[in-house]
Amino acid sequence: MLLTADDPEGLRDEAIALDAYLTAYPEVPPAAIADMLWRTRSPRRRRALILAGDRSTLDAAVDAIARGHGHPDVVTATVGEPRRIAMVIAGQGSQRPGLGAGLHAASAGYRAEVDRCLEHLSADRAAVVRRYLLDDGAEGADGTTVQPALVVHALGMLALWRDHGVVPDLTVGHSLGEIAAAVAAGLLDRRDAIRIAEIRAAATASVTIDDHAMAALGISERDAAESIARRPGWAEITVVNGPESVCVNGDRATIADLIAHTTASGRFARPIAITHPAHTTAMRPLATRIRSDLAEAGVPDGFGAARIACIGGTLGARIPDDISVADYWYLNVRNTVRFDRAIVAAAAEIFVEIADHPILAAGIAGTLAGTAADGTRDTADPVVVTTSRRTARGLEEFSRALATVVLAQPRLDRAQWAVPGPVRLPLRGFPTTVMRRRRLWLPPADSAASSTPDVGRDEALRATPAAVAAPRLARPGV
């Protein structure tokens, strides 16, 4: 249910009035209260959405708002200028068997999109990908299964958002995630995207290096370069996600040493389960193979006309109009991923991470904080949400993200918050909207309160009863 007001004080006043009603009428169910709020309130600038399915949760949430406190079942937002939504599609890193099972069971939109995508895979490959997506007991899969599965999963999550009325103003792709980002932007159709995912997976799997490893490090690009330079083994910076977030690829001993050194300094470090040396110079031999495989699969060598901007980490910028499909997807596996530059180029105010588990949100927030601090970005309070988590059961994580995104928009679609079911009778004793109280008349000049009017002198009505001239009646015309 939605509470709104013009300012934080007004929101607390609304909650205090509702809290009094809840105390007086403990038998009224949450759905009836939500319906009354929807029918008797117009959305205002300061907003609080209560995610409550029972009275005890509702009572506690309303009490928290009335006291000016936070609550885990309350999402708040202050609306300003219109905000652009960027859907940020992650690549590999959070994959696991069964990653799509919860969404497949809970969302018809996700389920339908996954089924459409699987139709473009061969029968045996489709069965393997489906099993990996939906069966958390499935055995570990290699990259030739994981990469297509992640692309299918991302397209399914984009359909989930679309089914709830949220469509992007632009997309941002991270490595493998650029394939789904290109589909959402109109640069690729679903069939070609699935074929590119299969070809990309097979090509990268063909590049093998003994004792290879990859890791994520919570340090700057400069610190990572200095650490690599001090070690005799092979390693390269392969991803720059943010000011303090990079990934490195290299031989196992060197990567293990980098993890140990970073951890010892008190900073984050962990290995990433990717077996191929993605985004390194080791991928250079793939240029010819990717071009020939795409041509053999019948994938056009030109992108379609974009409906919205598509920004990729491959170049850290919008996908160029004049680049060939084959060249771009080769660069996509060879180049260092400049996700930090892609986020800066996006120039959006709301970022929605499309992934099974948050792996980019921290990098997004860090990059945006850095651009706000150095004055290159005007918006100081961007919204960053994630679609799901490994621990999610059903759509609870998505529901919270959806509420955050929708509340942040100036024009709230009221129909989206209507309570289903028959029209209910008005609730007896339900409080009316709490109006903002402001003094608009200046006090008399000799009043002690004249030095502290409620509003500025320029805003006040300057007339006083003594200054109002007596009314004059005009002579009636003939």
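Which residues form one aromatic cluster with Tyr 21? In this predicted model, the cluster is made up of Tyr 21, Tyr 25 and Phe 430. The paragraphs below begin with the chain as a whole, return to the aromatic residues, and then turn to the helices, the strands and one buried loop residue.

The chain contains 16 helices and 14 strands. Of its 478 residues, 49% are buried, and the accessible surface of the chain comes to about 22900 Å², with carbon and sulfur atoms accounting for 53% of that area. When contacts are restricted to residues at least 6 apart in sequence, 76% of them join residues that are at least 24 apart.

A pair of aromatic rings is described by two quantities, the distance of the centres and the angle of the planes. Six aromatic pairs are found when the whole structure is searched. In one of them, Tyr 21 and Phe 430 meet edge-to-face, with 5.1 Å from centre to centre and 70° between the planes. Because Tyr 21 lies in helix α1 (residues 8–24) while Phe 430 belongs to the segment after α16 (396–407), this pair ties together parts of the chain that are 409 residues apart in sequence. Residues count as buried when their relative accessible area is under 20%, and both partners meet this limit, since Tyr 21 has a value of 4% and Phe 430 a value of 11%. A further pair is formed by Trp 161 and Phe 398, whose ring centres are 4.8 Å apart and whose planes stand at 75°, so that this pair is also edge-to-face. Here, too, distant parts of the chain are linked, as Trp 161 is in helix α7 (residues 143–163) and Phe 398 is in helix α16, 237 residues away in sequence. Both Trp 161 and Phe 398 are buried.

Helix α7, which carries Trp 161, is 21 residues in length and reaches 30 Å from its first C-alpha to its last, close to the 30 Å expected at 1.5 Å a residue. This helix is mostly covered, with 17 of its 21 residues buried. Just after α7, Gly 165 adopts a positive phi of about 85°.

Strands of a sheet pair through backbone hydrogen bonds, and the pairing is either parallel or antiparallel. Three strands of the chain form an open sheet in the order β1-β2-β3, and the pairing in this sheet is antiparallel. Its edges are β1 (2–5) and β3 (74–78), each of which pairs on one side only. On average, and with direction ignored, neighbouring strands of this sheet are turned by 15° against each other. Between β1 and strand β2 (residues 46–50), the antiparallel pairing extends over four bridges, and one bridge partner in β2 is Arg 47, which is matched with Thr 4. Two helices are placed against these strands. Helix α3 (residues 55–67) lies across β1, β2 and β3 and runs at about 160° to β2. Helix α16 packs on the sheet as well, touching β1, β2 and β3, and its direction makes about 20° with that of β3.

Another set of pairings is centred on strand β10 (residues 309–312), in which Ala 309 and Ile 311 point one way and Cys 310 and Gly 312 the other way, all of them being buried. Strand β5 (residues 170–173) pairs with β10 in the parallel sense over four bridges, and Gly 173 has Gly 312 of β10 as its bridge partner. By contrast, the pairing of β10 with strand β11 (residues 317–318) is antiparallel and covers two bridges, with Ile 311 standing opposite Arg 318 of β11. Together β10 and β11 form a hairpin that has four residues between the strands, and in its turn Gly 316 has a positive phi of about 70°.

The last residue considered, Ala 278, is found in the loop between β9 (269–271) and α12 (286–296). Although placed in a loop, Ala 278 is buried, because its relative accessible area is 7%. If residues up to four places away in sequence are not counted, Ala 278 touches Thr 238, Asn 249, Met 283 and Val 333. The C-alpha atoms of Ala 278 and Ser 175 are separated by 9.3 Å, although these residues are 103 residues apart along the chain.

Conventions. Residues are numbered from 1 along each chain as its sequence is written. This is a predicted model: local features need pLDDT of at least 70, side-chain atom pairs count only at pLDDT 80 or more; totals for chains, interfaces and linings use all residues. Side-chain values use heavy atoms; hydrogens and water are left out. Buried means under 20% relative accessible area, exposed over 50%, partly exposed in between (1.4 Å probe, protein chains only). Contact means heavy atoms within 4.5 Å. Accessible areas come from the Shrake-Rupley method with a 1.4 Å probe; for residues, only the protein chains shown count as cover. Rings of Phe, Tyr and Trp (its six-membered ring) pair if their centres lie within 6.5 Å; planes under 30 degrees apart count as stacked, over 60 as edge-to-face and the rest as tilted. The expected span of a helix is 1.5 Å times one less than its number of residues. Two strands pair if DSSP finds at least two bridges between them. Axes are lines fitted to C-alpha atoms, for helices over the stretch in contact, and angles run from 0 to 180 degrees between N-to-C directions.
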